[in-house]
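Before turning to single residues, it helps to settle how burial is counted and then to follow the chain from its overall form down to its side chains. Please keep the sequence and the model side by side while reading.

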Amino acid sequence: LGQIAYIVLYIGKSFIQGLLEGSAALALIPSMATKLATSSINAVIAIVISIPLSIIIRKALTKSKLLD
């Protein structure tokens, strides 16, 4: 859910920034599509990596008695 919120805010900011800089709305669509694709791939990779990483870290913290 956090990744989706980030992507929506990032794309929205970029779109508004483009409009304020004087670009036409239709001219911004290819740029927004590229940013959406890149951010989505990044989100999937981050989620896929974070789950096993959190399991590994949790086991290490439990073993060292830093996590109850």
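A residue is called buried when its relative accessible area is under 20%, exposed when that area is over 50%, and partly exposed in between. The model under discussion is a predicted one, and by this criterion buried residues make up 12% of the 68 residues in the chain. The accessible surface of the chain comes to about 5,500 Å², and 74% of this area belongs to carbon and sulfur atoms.

The secondary structure of the chain consists of two helices and zero strands. The chain is more spread out than a compact globule, because its radius of gyration is 18 Å, well over the 11 Å that the globule rule gives for 68 residues. Measures along the principal axes add detail to this picture, with the C-alpha trace spanning about 55 × 20 × 15 Å.

Helix H1 covers residues 2-20, and Ser14 has its place there. With a relative accessibility of 5%, Ser14 falls under the 20% limit and therefore counts as buried. The side chain of Ser14 reaches the backbone oxygen of Tyr10 at a distance of 3.0 Å. Leaving aside residues up to four places away in sequence, Ser14 also touches Met32 and Lys35. Ile4 lies in helix H1 as well, but this residue has a relative accessibility of 55%, over the 50% limit, so it counts as exposed. Between the C-alpha atoms of Ile4 and Ser64 there are 35 Å in space, while the two residues are 60 apart in sequence.

Helix H2 runs over residues 25-63 and includes Ile49. Ser39, too, has its place in helix H2, and its relative accessible area of 11% is under the 20% limit, which means that it is buried. What does Ser39 touch, when residues up to four places away in sequence are not counted? The contacts of Ser39 are then with Ile7 and Tyr10; Tyr10 is thus a residue that Ser39 touches and whose backbone oxygen is reached by the side chain of Ser14.

Further along helix H2 comes Ile57, which has a relative accessible area of 43% and is partly exposed, because this value lies between the limits of 20% and 50%. The C-alpha atoms of Ile57 and Ala25 are separated by 45 Å, and the two residues are 32 apart along the chain. Ile57 also takes part in a nonpolar surface patch of about 910 Å², which is made by Ile41, Val44, Ile45, Val48, Ile49, Leu53, Ile57, Leu61, Leu66 and Leu67. One of these patch residues, Ile49, was placed in helix H2 above.

Beyond this helix, Lys65 is found in the segment after H2. Is Lys65 buried or exposed? Its relative accessibility is 70%, over the 50% limit, and Lys65 therefore counts as exposed. The backbone of Lys65 also deserves a look, since its phi is near 60°, a positive value in a residue other than glycine.

Notes:
Residues numbered from 1 in each chain as written. Predicted model: local features only at pLDDT ≥ 70, side-chain atom pairs only at ≥ 80, totals over all residues. Heavy atoms only, no water. Patch = residues over 30% accessible without salt bridge, like charges linked within 9 Å, V, L, I, M, F, W, Y side chains within 5 Å. Areas by Shrake-Rupley, 256 points an atom, 1.4 Å probe, with all protein chains shown as cover. Salt bridge = Lys/Arg side-chain N within 4 Å of Asp/Glu carboxyl O. Helix = DSSP H or I, 4+ residues; strand = E, 2+ residues; numbered from the N terminus. Buried < 20%, exposed > 50% of the residue type's maximum accessible area, 1.4 Å probe, protein only. Contact = heavy atoms within 4.5 Å. Polar contact = N/O pair within 3.5 Å; in protein donor to acceptor, adjacent residues only side chain to side chain. Rg over C-alpha atoms; globule rule 2.2 N^0.38 Å.
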